[in-house]
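These are my notebook entries on aromatic rings and the charges placed over them. Sequence and structure come before the notes.

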Amino acid sequence: MQFHQYDVVIVGAGGAGMRAALEASSEARTAVISKLYPTRSHTGAAQGGMCAALANVEEDNWEWHTFDTVKGGDYLVDQDAAEIMAKEAIDAVLDLERMGLPFNRTPEGKIDQRRFGGHTRNHGEAAVRRACYAADRTGHMILQTLYQNCVKQDVEFFNEFYVLDLIVDHDLSAGHVPDGEEVNATGVVAYDLATGEIHVFQAKSIVFATGGAGKIFKTTSNAHTLTGDGMALALRRGLPLEDMEFFQFHPTGLAGLGILLSEAARGEGGILRNSNGERFMERYAPTIKDLAPRDIVARSMANEVREGRGAGPNKDYVLLDLTHLEPAHIDAKLPDITEFARTYLGIEPYTEPVPVYPTAHYAMGGIPTNVTAEVLRNSDDVVKGLYAAGEVACVSVHGSNRLGTNSLLDINVFGKRAGRAAAAYAKTAEFKDLPENAAERTIAQLEELRTRPDGERVSDVRKALQETMDANAQVFRTQESLEQCLADIRVLQERYKNVSVQDKGKMFNTDLLEALELGFLLDIAEVTVIAALNRKESRGGHFREDYPDRDDANYMRHTMVYRRPLEGAEGNHESVEADITPDTAFAHVSEFDTYKVVIGSKPVVQTRYEPMERKY
Amino acid sequence: MTATLENSTAGAPSAAGEIPSFDVTIKVRRYLPESSHGDEAYWDEYKLTMYGTDRVLDALHKIKWENDGSLTFRRSCAHGICGSDAMRINGRNRLACKTLLKDLNPNKPITIEPIKGLPVIKDLVVDMEPFFASYREIMPFLITSGNQPSRERIQSAEQRERFDDTTKCILCAACTSSCPVFWTDGQYFGPAAIVNAHRFIFDSRDEGATQRLEVLNDKEGVWRCRTTFNCTEACPRGIEVTKAIQEVKQAMIRRAI
């Protein structure tokens, strides 16, 4: 076992983690711990752009951007946070340009901008050109540029190190720490993949920037490595997760594969059609049509398929039509995604429409933070020295549905804020003692899992999880489908206790890693479904067919889920459903064999905008 | 060891109708220093039933998930963007996630080895540190002088286009580890580092070209390139790597470094 001490430890080296590192490392001794080489992070897969009201090509301002973000999130957005993001977007883009990011340019040589879903002029009048972009590899260029600047600044990385525990000076998981009491994050425990050795990092500030959890679903645009690690570690250590029922399904995944085709395809003029060739989005969003927010487009597509207007031999997808665009325009603006269609489906987008279907894409929910990126342990109290930014966090700037491009913005704005806040706090704070056995639990867990004799295959359990999530907790949800899903997850949690790995070695044991990741996936899927069961309304990315309307009277609050030990009561049942009132709407408890998941809530911050009906 | 995995439906996309299946033999170069094989590398052969839309990565996953959990490789995004899974497939460097099995003539065994020229850690996983060390040496970041402008730097669309090709690099090392000079002389910077130098040397906003060209003029630098075009052929992003190297050489001659 090795021991390290840093002022700031950042967990994750995607966009949010490296943006934080650039701030923190110039102010304080900083280490970045990442389970991948930084340039492998999934920020690099983002394609279309990053919105900021630069007004380089037409009139625009941050207030319109704020409004679009709030409306796009179906009013579950914390409006103070959205306003900060839209204002700081402008500097965030300019920061990246000054760091060297090769944005596409206007004829005058300024950063070019294009249209994107849900981004409008003057509160919904028409689509506005707000997305700054670098062809259809904007995320790739952001990731490369941030990494390049980390090289320039000599940022210290621990690559292919896997953080397996968060050390906090109070046991929050028991639920007995009174509100208002000071709680400090003091370190993390990491596993060096190459050697199998355990490393304990003591830190004054810790930033979680571990990304999303798309692999709870089968059809997803997410990387194999997006397994909700940071979220699950927080949950297991007693921290709440916020708004986990809200998962975004990106409308245009390559049919059957889930590989992302950017919304920029529609921003550049692409059109969605059903099997009759009809531009069906005209019926669902008459004003902005194919550029409606993703939740609306994804549902419309699923509905077309459900009503028998899907294309293909099984009528199970719709078509993204680019054939009316000039090949030269496609090559200049959308080279990567058209190559995906060629490589993976053998489709030539110049002449043939591309089969597409919604793909699990983004977790709006995550570890709750305030606008300074400090992690909350309930609705009010922060954990001192603990920060989160990016997809792992819930600020909440995305509410119940994120607008396209706002994730690249989120990682830059709140990554920067997290890095600054972490370094500033580290300068004032002292190291807190770590418990002597800080790594004991992690080592025991690893050894038990690694040496467990024959049992179930990790992949069988994972596949079953992903299949039930796709079947029961996707674009359309009902009480029945979600109860089925939760019942399946309970069975899979039991089966997980019996999984074993075949690779018994210590070096680069990815078999073991996948087993650990599966544990995280199960925990995240579980709270996602419990939160979805509890929210008996439809809002943004969460659509309940049995409760198709938004219900502001009872549900205009953020969901908070907590994992707590059982206290004497019997396990494995749900609390009895009472009539839904504002007092009971978030009073649900799900009991498992050894713990329970308790639902709570947090108010939504509303500043400028009263909730209105959401029409496009 | 020979294993047969038959009639499994795993990996069959449900959305594309009937997808033809076929049997294929995958030969993987194994290196498991902790096993009884010790430091000896060896070949394992697997017979699999796969589908027309499956990639080499799907075959590797099928082996790992259904047959031999010890098979070790890196992967992440699975669609050619993250650069994790460059490997030597039928003797040629490619990304496993971007290579469809049906395009490889499944009638013959498909061989999979780690990329060459970097130390093998386990199976298909190599030590990438020497590769990234070369990358870091060419100063892969924008170098400017003077005050930061308050808005963006102005760059024309043509100036931006000048280095577009080399901004596509995903640092997968397919090019560098396909280069015969790199194989025989581990000191050579290799194509990827030169590509990333090119990306800045030809960026109109950058003022560090001279410094970078001096680094690349070193005896292990750009002049070692023998223009065999392996790198261009290997690049999964379609970058004209050899051309970029030639342009860097010409820039040196013009500047008489």
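Which ring does the charged end of Arg402(A) sit over? I find the charged end of Arg402(A) over the ring of Tyr362(A), 4.1 Å from its centre. I count a charge as over a ring if NZ of Lys or CZ of Arg is within 6 Å of the ring centre and within 35 degrees of the ring normal. In chain B, I note Arg160(B) over the face of Phe163(B), at 5.5 Å from the ring centre.

I record that the model is predicted, that local features need pLDDT of at least 70 and side-chain atom pairs pLDDT 80 or more, while totals for chains, interfaces and linings use all residues. Residues are numbered from 1 along each chain as written, chains are lettered from A and ligands numbered from 1 in written order, and side-chain values use heavy atoms, without hydrogens and water.

I next looked up ring pairs. Rings of Phe, Tyr and Trp (its six-membered ring) pair if their centres lie within 6.5 Å; planes under 30 degrees apart count as stacked, over 60 as edge-to-face and the rest as tilted. The count is 19 aromatic pairs over all chains. Tyr37(A) and Phe132(B) have ring centres 4.9 Å apart and planes at 10°, so I enter the pair as stacked. Tyr37(A) and Phe132(B) are both buried (under 20% relative accessible area; exposed is over 50%, partly exposed in between; 1.4 Å probe, protein chains only).

Tyr147(A) and Tyr135(B) are also stacked, at 6.1 Å centre to centre and 10° between the planes. Tyr147(A) counts as buried at 3% relative accessibility, and Tyr135(B) at 1%. I enter one aromatic cluster formed by Tyr37(A), Tyr147(A), Phe157(A), Phe131(B), Phe132(B) and Tyr135(B).
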